[in-house]
Amino acid sequence: MKTKIILTLLIICLLIPTTSIATPLEFVGGVQNEHQYEEIVFITGQPIKFVGSYSASEKVKNEEESVTYKFKLQSEDPKVLGKLDRTVTYVTSLSKHAGVGQTIGQTSVSKYKETIKIGSDTYNLTDYQFSKSDIIDQRPASDFYSGNIKGRKYYDYNKSQGNVIIDITGGNVGYENFWGSTETQIIDHIITADIGQNSFQGSYTHQVSDSMTKSLRYSENDASFSSFHGGHIRVTEKNVVSKYDYRLSKSHGSISLSQDMVPRLERLIVPKFRDVNGHWAEEDIKKLYSLDVFEGGNTTFSPDTPITRLDFTKAIMKASDIRTSMEETKKTRRRRNQPEEVSYFKDIAISNEDYKYVKSAVDSNIIAGISKDLFGPKKSLKRSEAIVILVRALGFETRAPNPGYMTSFSDDKDIPNWAKDSIYVAKELNLLEGDKANRINPNGILTRAEASDLIVRFLEFLEKDLQRDYRDNIIEF
Amino acid sequence: MKKISIILLAALLFMNFSIANAQGTNIYKEGVLEGYFIEAIDNKIKVEEYSGTIYTIPMIKNVVLEIDGRPVKITDFKKGMEVYITLQGRNIKYMDAYSVDNPAYIQPGEKVRIGTVLGIDRDQIEIKLPTGKREVYFTSPATVVTKNKENINLKELYVGDRVKFYFDDIDTSYISRVNIQGDSILIKDIYRGQLTVTDSLQDIIALEKVDVFRNGKWTSLGKSIKVPYNGNLPIYIGGQKIDIKNLKHYKGKTVYMAMKDYFGKEKVERMVVKAQYENNFSEKIREINWFSSQMELGNNRNINFHDGTIVVKNNRLVDVYNLNSGSDGLIIADGRGSDLTADLVYIYNENINNTNIGQDQLYVGRLNTILEDILYLKDFFLLDKNNWESFNDEKEFFYDDDTFIYDLENNKEVSPKEFFSRDYSVDENNRRNRTRDWYGYLYTEGDRISAAFIKRSMDSLLNQRTTIGIVESSPVEDNNMGWFLKLKNSKDWSTINEQWMEKNSTLNIYLREAMIIKNGQRVTVNDIKSGDSLYMVRDDNMAKVIIVK
C-alpha cells in the first residue's frame, strides 16, 4: 500500500508542462504561445481557423512517457459558429540501445475524445488509430531524431447521418541540445467526407515547427561610473510556425500561422580581462568567459598562448553542457563493495577537479589520450585535433565520404589521416574556412583566441545553423 | 621399421621448421610482412603470408592499426583481410588493410550547398554561400527542380532566390537536385516609419508614422506597428554600417524597410536608416559606374550606391551588383543637393522569361492551317520587349494532348482533336466557303504551344498595352463583369519612352477573356493569390493574357 502511494505521488510529481522541449503540440499543425493555441480545421471542406486554450501534461514512468493534450477552441470568425473540444493521450515506450547510443520510441494513442460543432453540424471522433516510431541518435553535444507517422481518424457526422475519415501519413525530424531544439513535422491528411449532398474528398498538408534557441545578447551599461562596461545575457526564445497547404473540392491555397513565447533572460558573469580589449577575438573570448566555458585570472586571459588539451576538452564539455558521467554517478547511490574508481590516465588524478570532464570526453569518444595511459593535459593542441573533437562532439564524423578522397584545402597533404574525415565534415558544416591561400594549417598549434573563435562558431552551429536546417530549409523550400 | 618411420617424420618436421624459419628470418630481416589476416589472440596477430606460411607475431604496446588510412581497433580487422605489416624487431609496430570498395563515395544528395542566386546563364548558376564565398555550379537535363515541394521547371528560378543544391559526388559541379525557396522569399512591401522602440533582446522594433509605398507614392498605413527584424543582416546609415547594438541610438529617425511575410506575419528583412533628406525618383538607370559606385538616372541625376543599398528585383532582395543599366525603378535617395545616396532601389522590370533559361513567347495571329499536331500561324504578332511586333509571315507550331485550347466565343475548352477537325482554319480562297480562319493568342515554349485562346476575329492590338503589378486582393466574381482583381503598384510599358511608367492608382482588371499562365502552363483564376506579381497584356481593363510570376 505504502509503495503504491509513493508511486502515485512520484507520478504526480512528474506531471510537468511540456514547455521546455520544442515539440509541436499534437499532430494537427497548430501553434501556441503561453496562453493561446490556434489551428486550422478542414473537416467541412473549407479552412476554418480555431483559437482557444490548451494544456499539455507529461508523465514519465521508467521507459514509458505519456502526454495528454487538452484543447478548448472556438472559431476565430464570429460568423462561423464553431466549437472544438479535444482530449488526447499519446503513450511512447522507449527502448534504449546503449551500445550504439540510440533509442527507439514507439508511440500510440491511448485515450481520445473530440467533438467539433460547426453551425448545426456535429462531428464526433469515434475511432482514432495512430502509430509513430522514432529513432533518436544520442550524440555527445546533441540528440538527433526522426520518425514516421501513420494514422486514421473516424468521425461520426450528425449522429450517424454520415462520416468523415481523415488518413494521416508523414514524419518528423528534430534535434535537441543545450543551445536549441527544433522539431518539424510534415504530415499529409487525406480527407474523405461522406456527408450527403456536401460529400467531398480532398487533402491538406501541414508543416509545423516548434523551435527553442538560446542566444547571447550584449547589453551595455547605461551608467558611466560603473565597475563594468556591459555584459552578456542568455536569451531563450521559443516559437512555433506552421503552414497548411490545402487542396479541397471547394478551395485550395495556403495558410500560415506563428506564435512566439516571451523570451526568458539570464544575466551572465562579466569578464574584466585587461589583455583582450581590441583583440580580434575579444568578443568571442568574453562570450565564453561569461558562459564559464573558459576560466582565466581576474585580469589576464592570455589569448595568444597555446590552449592546452585539458582546457580545450573542458571548454567543449562546458560549452555543450554535456553532463559529466561522474556527476551522474554521484547522484546514484553507490553500491557497497563497489571498487574505488581508478583514473584512466596516469597524468591526471581522479582527485583533480577537471578529471570528470576528461573522463566523460573519453567515455563519449570525443577525445583519446596521447597514449594508452597518458592524457597529456598540459600539452598544446593542434588545429586538426581541435576540429576532430568538435566534429566528434556533434557525432558527425561518419558523414564523411568513403576513404580515398581529398579535401578542398590546398594543404590537404598535411592533414593527418585520422583528422581527414572531421576536417571534411567541418568544412561542409561551415564550421571552418581556409585562410587566404585556402590552407587549413592542420598541424598549427591552436591559441586560446583561435580556440575561442572555433568554439563560438560551434555554438552558433548548435543554436542557429541547426534551427535553419531543421525548420526554415524544410518548411520554406 | 617403427624407428625408421619416427626418424623420417622427425626429419620432415625439421625440414619444415627450417623452411619456416628461413622465411621467418627473411620477414624479420626485411621488417615487412604481407598476407591475409587470420585472427588476433590476446596481444598477438595470426597472419598467413601470401606464400602460405602462417605467423603468430606479438604487437608492440603502441601499435598503429589502420584500415583505409583511418585509425581502428584490432577488433575491426576481419578474417581474410589483406594486411600490410611493418615490424620492429620481432613485433608488429604497424598494420593496415583496405576495406573500402568505392573510394570517395557519398550517398546521392549528401553534399549540399545553400546560397542565394547571384547569376543565371543557361545551365550555369552562380550562388553566394552564407560564408560570402561565390561558387558556380551547373545544371543538366537530369537536374530535378522543386519549389514548395512541387516539381517545377528550372526557368522559374530568379536571381535573388535562395536555393539548396544537392550533389551526388563530392567533386562534381553538376547539381542533381535544386530546392528553391517558396513565396517566403518575396519582398511584399516597402515601408517607411519613425523608430520608437528597439528591442535588441528579441530583434523587434516599434515604429510610428508608418507609410507604405503604393501606386508610386507613400501612403499612410494609419497605425503604429511592432515588427521583428532580421538581426543577421547589417543596417546602414548614409553608407556606413551600424552595429546592431547601437540601433537604440537611432530612435526618432526614419527607417526604410523591405518587408517579408514570415508565417502570416510581417517581418523586416532589410532596413536602412535615413541620414538626411529624402528624394524619390521613378526613373530609368541609364548608366552604372562600378568604379565610383554611382548610377546615372534618366533625368541626368547621379546617385551613389553602396553595399548597404537595398536592391529589390523581381520582388526579391538581390546583391547590389545585380543592378543593370537600362532598368527602370524606384530610387529612394538620401542626402542633400547633388550629393545623394541610394537607400533603396526597387527595380520594376519584368519579362515573360525570368532568365535566359526560359524560351517562352507570346504570339497572336491567324490560324492559317491546322494539321493533326501542327498549326501554321499567319500574319502574326510577337510580344517582344513588351510590344507587339508584326511579322508578315507564316510560322509553324506544334501542339499535343497537353496543349490547352480554349474557345473564347463559346467559352469552352476544345480538345486537340476538335481543334484539328473543326473549322477553326478554312480555305479562305474558296469562294463558296463563307467561313473565315479564326485567330488566337498562343503561349509557346519554343515552337510548342502550351496554351491557345482562340476567337473568331482579331483583336485590335493598338489599344493593348503591357502592364505589371501586384495583386491587391484575390480575384472575386462580379455579377455583370465576371471575375476581376485589383492590381496595385502597376506600371504600363511606354513604347515612346521605352520605360515602365508608374500608375498612381489601383487598377480593376477583368479576367473574362484572360489566358492565365503560371509556371508555363494555363491555370484558372483560383490560382491567382493576393500578393502575386503579374505581367499582363490588356485592352483597357480587360486582361487578354496574364502571366503569374
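Select chain B to begin: in this predicted model, chain B holds two helices and 43 strands. With the whole chain in view, turn it along its principal axes, where the C-alpha atoms fill a box of roughly 125 × 80 × 45 Å. The radius of gyration of chain B is 36 Å, whereas a compact globule of 549 residues would have one near 24 Å. If you colour the chain by burial, 32% of its 549 residues count as buried. Among the contacts in chain B with a separation of 6 or more, 56% join residues that are 24 or more positions apart.

**The open sheet of chain B**

Next, select strands 7 to 13 of chain B, which form an open sheet of seven strands with mixed pairing, and follow them across in the order 9-8-7-12-13-10-11. Strand 9 (134-138) and strand 11 (150-151) of chain B stand at the edges, and because each has a single partner strand, one side of each is left without a neighbour in the sheet. To look at one edge in detail, keep strand 9 of chain B and add strand 8 (residues 124-128) of chain B, since the two pair in the antiparallel sense over five bridges. Within this pair, pick Gln124(B), and you will find Phe138(B) in strand 9 of chain B as its bridge partner.

**Where chain B touches chain A**

Now show both chains together and select the residues in contact, which are 32 on chain B and 29 on chain A. On the chain B side, the elements that give two or more residues are strand 3 (54-67), strand 4 (70-71) and strand 13 (177-180) of chain B. Coloured by class, that side of chain B shows 13 nonpolar, twelve polar and seven charged residues. Strand 13 of chain B is thus a place to pause, as it belongs to the open sheet and also gives residues to the side that touches chain A.

**Three strands in chain A**

Move to chain A and select strand 11 (residues 180-194), of which eleven of the 15 residues are buried, so that this strand is largely enclosed by the rest of the structure. Add strand 10 (residues 162-177) of chain A, which pairs with strand 11 of chain A in the antiparallel sense over 15 bridges. These two strands form a hairpin with two residues between them, and along it Ile168(A) has His189(A) in strand 11 of chain A as its bridge partner.

Then add strand 12 (residues 200-220) of chain A, which pairs with strand 11 of chain A, again in the antiparallel sense, over 14 bridges. Here Ile191(A) stands opposite Gly202(A) in strand 12 of chain A. Strands 11 and 12 of chain A form a hairpin with five residues between them, and in its turn Gly196(A) has a positive phi of about 70 degrees.

**The SLH spans of chain A**

For the last stop, select residues 268-330, 341-404 and 406-469 of chain A, where an unreviewed UniProt entry places the feature "domain: SLH". In the span 341-404 of chain A, the end C-alpha atoms lie 42 Å apart, with 33% helix and 0% strand. In the span 406-469 of chain A, the end C-alpha atoms lie 26 Å apart, with 53% helix and 0% strand.

Finally, zoom in on helix 5 (residues 355-363) of chain A, which is mostly covered, with seven of its nine residues buried. Among the buried residues of this helix are Tyr355(A), Tyr357(A), Val358(A) and Ala361(A), together with Lys356(A) and Lys359(A). Step just past helix 5 of chain A to reach Asn365(A), which takes a positive phi of about 65 degrees.

Conventions
Residues are numbered from 1 along each chain as its sequence is written. Chains are lettered from A and ligands numbered from 1 in the order in which they are written. This is a predicted model: local features need pLDDT of at least 70, side-chain atom pairs count only at pLDDT 80 or more; totals for chains, interfaces and linings use all residues. Two strands pair if DSSP finds at least two bridges between them. Helices (H or I, at least four residues) and strands (E, at least two) are DSSP runs, numbered from the N terminus. The radius of gyration is taken over C-alpha atoms; the globule rule is 2.2 Å times the number of residues to the power 0.38. A residue is buried if 20 or more other C-beta atoms lie within 10 Å of its own, exposed if 12 or fewer, and partly exposed in between; C-beta atoms are placed from the backbone. Two residues are in contact if their C-beta atoms, placed from the backbone, lie within 7 Å. Ala, Val, Leu, Ile, Met, Phe, Trp, Tyr, Cys and Pro count as nonpolar, Asp, Glu, Lys and Arg as charged, and the others, Gly among them, as polar. UniProt positions are given in the numbering used here, feature names are shortened, and annotations may be inferred rather than shown by experiment.
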